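Subject: Structure for your review

Dear colleague,

I am pleased to hand over the structure below for your study. Please keep it open while you read the notes that follow it.

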Amino acid sequence: MTSEMQEIAITEDKPLLTGQADAAKDVAELAARILLDQGQEHSVETPHGVLRVTLHGTRTTRRPAILTCHDVGLDSKSCFSPLFKFEEMQEIVKNFTLIHIDAPGQEEGASAYPPGYQYPSMETISEMIPAVLQFFNFRTVIGVGVGAGAYILSKFTLANPDSVEGLVLVNIDTNAKGWMDWAAHKLSSVTSSLTEQILCHLFSQEELSANTDLVQSHRERISKAPNLANIELFWKTYNSRRDLNLDRNYTFKCPVMLVVGDQAPYEDAAVECNSKLDPTSTSFLKMADAGGLPQLTQPAKLTEAFKYFIQGMGYMASSCMTRLSRSRTTSLSSSYSMDGSRSRSRTLSQGSQGGQMPPSPSQTMEVSC
């Protein structure tokens, strides 16, 4: 009886050499950074249709997510990428999950809606947001909205106060258009192209007159957008918005930071909104040399203010302030309440020799920087 010998190949698991391990780690970190920069795109089903949502970072629910909503004529990338990719914003980005919402049909590469399509109202869009939070399993968010997006997040916050821990509203207009505004809009729609109407909404007259590089780039992008019909529907919906009817008795329950550029189209509207909010939980930031889109023109200043705002909410308490706070003088005109009454005001001037304390949401601050 013969026996057959079988060759058995035995391989020994060898640990990676130090250089190989480091290279593998570098590749993994690079892949993670690429994923963070590009984000993960999701199509989220809601009771009122599908929303395109982009998530950056991990889905950790230990902290609220930062939820953004863009303005008319922009999408989540063109509205927020320069801000959230800004170098000194990365300290915030690495500590929070970012959720960027694109309004229906406004995302990059969106197909044009067919003629006669009934675009959702501003209120309906705000009612789509709870499904987004549920999809990503977030209980609360910090909202950051610009223009039309600020209005949408305001509607969402009023209807869902327990879901919002803080609100940053850039270029907010809480009022419905009056008869004079309606007539001016009708005249503008006859004499100006859709692109020029939206540019007048986004930029200050000074920027438009100077025809800045930013204005030129957005003029070209909007005018050549494949989904220009969708942008027009969103524009009409925004101009048909209802008054939020805010007052001291009907207002936001969370800390709010209002932001507007000096001489911006919605400067007066932001000032009026500030007068209607709870002074003990509202900060008002008027930014000089910021134009109509301060998140694009002054990301350093807005990053600094946002970091203060988050610290005032109790997050990132050990965070170091950026070079902005160390290198320039900021004048803070603060009005605050003592024992529940607005009894006195003060002016704080903080320069490079003095440390800066993050503003508490119990103060109303008017800042020109």
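**Cysteines**

Cys-254 has a relative accessibility of 5%, which is under the 20% limit, and therefore counts as buried. Please bear in mind throughout that this is a predicted model. Cys-79 is likewise assigned to the buried class, because its relative accessibility is 0%.

How many disulfides does the model contain? The count is 0. Cys-79 takes part in no disulfide, and the nearest cysteine sulfur, which belongs to Cys-69, lies 8.7 Å away. A disulfide requires two cysteine sulfur atoms within 2.5 Å, so this pair does not qualify. As background, a disulfide is a covalent bond that links the sulfur atoms of two cysteines.

**Strands and their partners**

Cys-69 also belongs to strand E3, which covers residues 65-69. In E3, 5 of the 5 residues are buried, and the strand is thus described as mostly covered. Ala-65, Leu-67 and Cys-69 point one way from the strand, while Ile-66 and Thr-68 point the other way. This fits a general pattern: in a regular strand, side chains alternate between the two faces of the sheet.

Which strands pair with E3? One is E5 (residues 141-146), which runs parallel to E3 and is joined to it by 5 bridges. Another is E4, also parallel to E3, with 4 bridges between them. Cys-69 can be followed into both neighbours: Gly-145 stands opposite it in E5, and Ile-101 is its bridge partner in E4.

Strand E4 (residues 98-102) in turn pairs with E2 through 5 bridges, and these two strands run antiparallel. Within this pairing, Thr-54 has His-100 in E4 as its bridge partner.

Strand E2 (residues 49-56) also pairs with E1 (residues 40-46), in the antiparallel sense and over 7 bridges. Ser-43, for instance, has Arg-52 in E2 as its bridge partner. E1 and E2 form a hairpin, with 2 residues between them.

**Helices and their contacts**

Helix H5 spans residues 129-136, and its buried residues are Ile-129, Ala-131, Val-132, Leu-133 and Phe-136. An α-helix has 3.6 residues a turn, so residues three or four places apart point the same way. After H5 comes Asn-137, which has a positive phi, near 65 degrees.

How do H5 and H6 pack? The axes of H5 and H6 (residues 148-159) are 10 Å apart, at an angle of about 75 degrees. H5 is therefore roughly perpendicular to H6. In this contact, Ile-129, Pro-130 and Leu-133 of H5 meet Ile-152, Leu-153 and Phe-156 of H6. By class, the contact has 6 nonpolar residues, with no polar and no charged ones.

A second helix pair is formed by H2 (residues 76-84) and H14 (residues 299-312), whose axes come within 9 Å and cross at roughly 75 degrees. This angle makes H2 roughly perpendicular to H14. Pro-82, Leu-83 and Phe-84 of H2 meet Pro-299, Leu-302, Thr-303 and Phe-306 of H14. The residues in this contact comprise 6 nonpolar, 1 polar and no charged.

When you examine the model, you may wish to begin with Cys-69, whose partners are Gly-145 in E5 and Ile-101 in E4.

Yours sincerely,

A colleague

Terms used:
Residues are numbered from 1 along each chain as its sequence is written. This is a predicted model: local features need pLDDT of at least 70, side-chain atom pairs count only at pLDDT 80 or more; totals for chains, interfaces and linings use all residues. Side-chain values use heavy atoms; hydrogens and water are left out. Buried means under 20% relative accessible area, exposed over 50%, partly exposed in between (1.4 Å probe, protein chains only). Two strands pair if DSSP finds at least two bridges between them. Axes are lines fitted to C-alpha atoms, for helices over the stretch in contact, and angles run from 0 to 180 degrees between N-to-C directions. Angles under 35 degrees count as roughly parallel, over 145 as roughly antiparallel, 65 to 115 as roughly perpendicular and the rest as oblique. Contact means heavy atoms within 4.5 Å. Ala, Val, Leu, Ile, Met, Phe, Trp, Tyr, Cys and Pro count as nonpolar, Asp, Glu, Lys and Arg as charged, and the others, Gly among them, as polar.
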